[in-house]
Amino acid sequence: MIHWTRQIKAVLSAQSVSDMGDTSGPLEEISFWKSRCADLESISKQLQKPGVCHIQAILQLHTSNYIPSFCELAKQIQDSTLQAQSNISFLSLLKEPCEELAQLKPREIVPKLAHILNIIRVIWVNSSYYNTHDKITALLSKMSSEIIRQCCRQISLDRIFQGYVISSKQILNDCIQCCLAWKELYLHNSQLHHKYSSLKSSFLSIRVVLCSPRHRNTTLGLHCVTAAPIHLTRHN
């Protein structure tokens, strides 16, 4: 049981794809949660095997000190499995758009960005895991990395040094405009969200005060989640 406990702790410690680096995109995030879900489901099935249950029952009869921590970890496995399944369900909404981006040129990516940003907002509003500042910021950052990566794929230093100046310059401009369009879309939606949240907060605060029997002051905290603006640097 000590060995099992150590194995379960090792699996539960992998909570994110932060170890994959800043250049990972949404598709890598989806792959991570699929792999994690498979591992957790496998452990859940093993915990239900007769042999495991028999050993657990014997140790419970002898009031083993290892039982409480083992049972707590088993509960965490169940909760983490549900979380992974939920994340796969929501993140899968980004799978097709991101796969489509890989087939497009920078100028063709721009019309797709508003739809992608709307999907991310749907994930943020409805997901029980990606509804925090850190998680939604990380997801937006991964989407930014994906857009930058697709733009970089179109830039050929060989063609630049071979003298294809006009076409190379056009591609560079298209890449810059693509990144700027993503930044402007984010800032626009961020401002709309701030405005909506501010109005909603004021309305709810007034409503609570008016509905209170003693008209006591009541503060409603509406946590506003925004990602850090995307900073672009143009290099000569």
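A residue counts as buried when its relative accessible area is under 20%, as exposed when that area is over 50%, and as partly exposed in between. This vocabulary accompanies the tour below, which is made through a predicted model.

**Stop 1: an aromatic cluster**

Select Phe32 to begin. Its relative accessibility is 17%, so Phe32 counts as buried. Next, add Trp33, which is also classed as buried, with a relative accessibility of 1%. A pair of aromatic rings is described by the distance of the centres and the angle of the planes. For Phe32 and Trp33, the centres are 5.1 Å apart and the planes stand at 80°, an edge-to-face pair.

Now select Tyr129 and Tyr130. The centres of these two rings are 5.0 Å apart and the planes meet at 85°, so this pair is edge-to-face as well. Tyr129 is buried at 11% relative accessible area, and Tyr130 is buried at 2%. Display the four residues together: Phe32, Trp33, Tyr129 and Tyr130 make up one aromatic cluster. In the whole structure there are four aromatic pairs.

**Stop 2: salt bridges between helix H8 and helix H2**

How many salt bridges does the structure hold? The count is seven. To view one of them, select Arg149 and Glu28, whose closest N and O atoms are 3.5 Å apart. Arg149 belongs to helix H8 (residues 133-153) and Glu28 to helix H2 (residues 26-47), so this salt bridge ties together parts that lie 121 residues apart in sequence. Are these two residues buried or partly exposed? Arg149 is partly exposed, with a relative accessible area of 29%, and Glu28 is likewise partly exposed, at 23%. Add Glu146 to the selection, for Glu28, Glu146 and Arg149 are linked in a network of salt bridges.

Continue with Lys142 and Glu29, where a further salt bridge has an N to O distance of 3.8 Å. This pair also links distant parts of the chain, with Lys142 in helix H8 and Glu29 in helix H2, 113 residues apart. Both Lys142 and Glu29 are buried.

**Stop 3: a salt bridge between helix H10 and helix H6**

Select Asp174 and Arg107. Their side chains form a salt bridge in which the closest N and O atoms are 3.1 Å apart. Which helices does this pair connect? Asp174 lies in helix H10 (residues 165-211) and Arg107 in helix H6 (residues 106-109), so the salt bridge ties together parts that are 67 residues apart in sequence. Asp174 is buried, with a relative accessible area of 15%.

**Stop 4: the cysteines**

A search of the whole structure finds zero disulfides. Select Cys175 and Cys151 to examine one case. The sulfur of Cys151 is the nearest cysteine sulfur to that of Cys175, at 4.2 Å, and Cys175 is in no disulfide. A disulfide requires the two sulfur atoms to be within 2.5 Å, which means that a separation of 4.2 Å does not qualify. Cys175 counts as buried, at 6% relative accessibility, whereas Cys71 is partly exposed, with a relative accessible area of 28%.

**Stop 5: a charge over a ring**

For the final stop, select Arg159 and Tyr164. What sits over the ring of Tyr164? It is the charged end of Arg159, located 4.0 Å from the centre of that ring.

Conventions:
Residues numbered from 1 in each chain as written. Predicted model: local features only at pLDDT ≥ 70, side-chain atom pairs only at ≥ 80, totals over all residues. Heavy atoms only, no water. Salt bridge = Lys/Arg side-chain N within 4 Å of Asp/Glu carboxyl O. Helix = DSSP H or I, 4+ residues; strand = E, 2+ residues; numbered from the N terminus. Buried < 20%, exposed > 50% of the residue type's maximum accessible area, 1.4 Å probe, protein only. Phe/Tyr/Trp six-rings, centres within 6.5 Å; stacked < 30°, edge-to-face > 60°. Lys NZ or Arg CZ within 6 Å of the ring centre and 35° of its normal.
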